[in-house]
Amino acid sequence: MSGSPSLFDAVLLDRDGTLVEDVPYNGDPEKVRPMPGTRAALDRLRAAGLRLGVVTNQSGLARGLFTVADLGAVHARVDALLGPFDTWQVCPHQEGDGCRCRKPAPGLVDAAARALGTDPSRCAVIGDIGRDMAAAAAAGAAGILVPTPVTRPEEIDAAPTVAVDLADAVDQILRRQALAHAGLAADPAAATGRGTGARRGTVLVVRSDSAGDVLITGPAIRAVAHGADRVVLLCGPRGRAAARLLPGVDEVIEWPLPWIDPEAAPVQAEAMRALTARLAAVGADQALIFTSFHQSPLPLALLLRMAGVPWVGAISDDYPGSLLDLRHRVPPGIPEVERALSLSAAAGFGLAARDEPVLRLDAEALPTRSPVDLPAGYVVVHPGASVPARACPPRRCAEIVSALARAGHPVVVTGGPDERELTAQVAAAGGVDLGGRTSLAELAVVLAQADCVVVGNTGPAHLAAAVGTPVVSLFAPTVPFGQWAPYRVPLVRVGDAGAACRQTRATVCPVPGHPCLAGVDPAQVVAAVRLLAARAAAEPAEGVR
């Protein structure tokens, strides 16, 4: 299990303002000045086995302000001062040239990943402005912003992750790598009481809450399945359909947990006794309780103890007493997928050697074709959300559908059975209405065949990630973007990331008019769809050394 795949193979860095001081249109190697602490930070990445690349816009070439030879001399000086880089990828074009490589387009990130023999999803990108973060996201890479005096506040608000300097960014990358493998190199007996390499009987895994929450726990559950004889998943009613789509799950138990469900019934002693009896009937050798960063595993841990489960692990900041055998801790800001995966790793469960830490569905649980005939090259717009504060207003969604249709994109509008009125209103602007006409499994097929999905922070965003379809994320900032964004899939974030609802965890918008999403410009969504579609069809980007 120690051979479990790592999160990152490579780190890609912007040049000016990140590696070296920003000297506009610099063609003189004598003007190269490294940013403080850069060499030491890069050497730590090299020592960890990560390959390094540079991705940089250099429009001075197109402007005639320096030559390719001048640029090569500058880069040779950077190599001499900071150590050699494994690839340099340069966009020589100006704004408006229509190239596919100039950041915020993802071409340079794609090209660097190819040059390093990896995938953008296995790369971290470090830069100092919003263009760097947008290029990373559109390629499906992890972005880390290191602000400088030229970084705008709105760029900081929108960044998935922010570091105080390059050393801090490196700390974050290495911390995420370590969390994904915590405990895997050690003897699993230390965590489980069983012999090294032994499969571990029946493991009960728990992930209550909604479909999206269940989906993002998928990689962690696959890791458990790789080391267990049998996996039983306990979930809530809202996550049942998603649970049945996860690979590695042998049995699903549906049971509402009143300390998790947002519309929970009162706690009743008889219901808790029945749940305890059902848990005891599983005969689990171990249990892992997966929660979001704001939830507590301890109520269920108590019931598991009463059910006789001999070993229980969970992430808990609160003191658990004797309720947990494994009390795992995770620093704030870690993506929820990696947070869950780190718990599996801490318990000694790692992904199979060829299994990537990405969202995935069980192909055998999916229909073989879409439930309806749809036009080629369509874009899905999903206007609803499980939490009202995260939903784009219906009128604005209708305007987005209209704008996409005018731009030549066939549009399909999706929604659940209780959203038929909403989808009818939105689809009337120029889309095919599939509201209430698909199961979750059928929706997965519809999303898989789409060019792109326009969706808020809700379950279908993670379903799109699980089938590998690019996402235009209408993301309300009530929860951290870096933790809840669609994971390892090309995306563009749209919406006001600095709105007053930021980090409130509100379920109903606390700001009149819902400005974070009501102000979305449909033309921006059309541009985002065009960018993601162009990436999918792009030829290799041109690079200059």
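**Exercise 1. Work out the strand order of the open six-strand sheet, and say which strands stand at its edges.**

Solution. Six strands make up an open sheet, ordered β14-β13-β12-β15-β16-β17, with parallel pairing. A quick word on terms: two strands pair if DSSP finds at least two bridges between them, and strands (E, at least two residues) and helices (H or I, at least four residues) are DSSP runs numbered from the N terminus. Next, look at the ends of that order: β14 (432-433) and β17 (491-494) are the edge strands, each with a single partner strand, so one side of each has no neighbour in the sheet. Now zoom in on one pair: β16 (residues 471-474) joins β17 through four bridges, in the parallel sense. Within this pairing, L474 sits opposite V494 in β17. For background, sheet strands pair through backbone hydrogen bonds, either parallel or antiparallel.

Before going on, keep in mind that this is a predicted model: local features need pLDDT of at least 70 and side-chain atom pairs count only at pLDDT 80 or more, while totals for chains, interfaces and linings use all residues. Residues are numbered from 1 along each chain as its sequence is written, and side-chain values use heavy atoms, with hydrogens and water left out.

**Exercise 2. Find which strands helix α18 lies across, and its angle to β15.**

Solution. Start with the helix, which spans residues 459-466. Helix α18 lies across β12 (379-382), β15 (452-456) and β16. Then take the direction: α18 runs at about 150° to β15. That angle is between N-to-C directions, on a scale from 0 to 180 degrees, using axes fitted as lines to C-alpha atoms (for helices, over the stretch in contact), and contact means heavy atoms within 4.5 Å.

**Exercise 3. List the buried residues of helix α13 and say what covers them.**

Solution. First the cut-offs: buried means under 20% relative accessible area, exposed over 50%, and partly exposed in between (1.4 Å probe, protein chains only). In α13 (residues 298-306), the buried ones are L298, L300, A301, L303 and L304. Their cover includes β6 (202-206), β7 (230-235), α12, β9 (286-289) and β10 (312-315). After α13 comes G308, with a positive phi near 90°.

**Exercise 4. Take the salt bridges R176 with E338 and R273 with E270: are their residues buried or exposed?**

Solution. A salt bridge here is a side-chain nitrogen of Lys or Arg within 4 Å of a carboxyl oxygen of Asp or Glu, and this rule gives a count of 24.

- Step 1: R176 and E338 pair up, their closest N and O atoms 2.7 Å apart. Since R176 is in helix α7 (residues 166-181) and E338 in helix α14 (residues 336-346), the pair ties together parts 162 residues apart in sequence.
- Step 2: R176 is buried at 10% relative accessibility, and E338 is buried too at 5%.
- Step 3: R273 and E270 meet at 3.0 Å, N to O. They are three residues apart in helix α12 (residues 269-282), so about one helical turn separates them.
- Step 4: R273 is exposed at 52%, and E270 is exposed at 51%.
- Step 5: As an extra, salt bridges with shared partners link D9, R122 and E356 into one network.

**Exercise 5. Place A533 in its helix and give its C-alpha distance to I216.**

Solution. A533 belongs to helix α21 (residues 522-537). At 28% relative accessibility, A533 is partly exposed. Finally, A533 and I216 lie 25 Å apart, C-alpha to C-alpha, with their positions 317 residues apart in sequence numbering.
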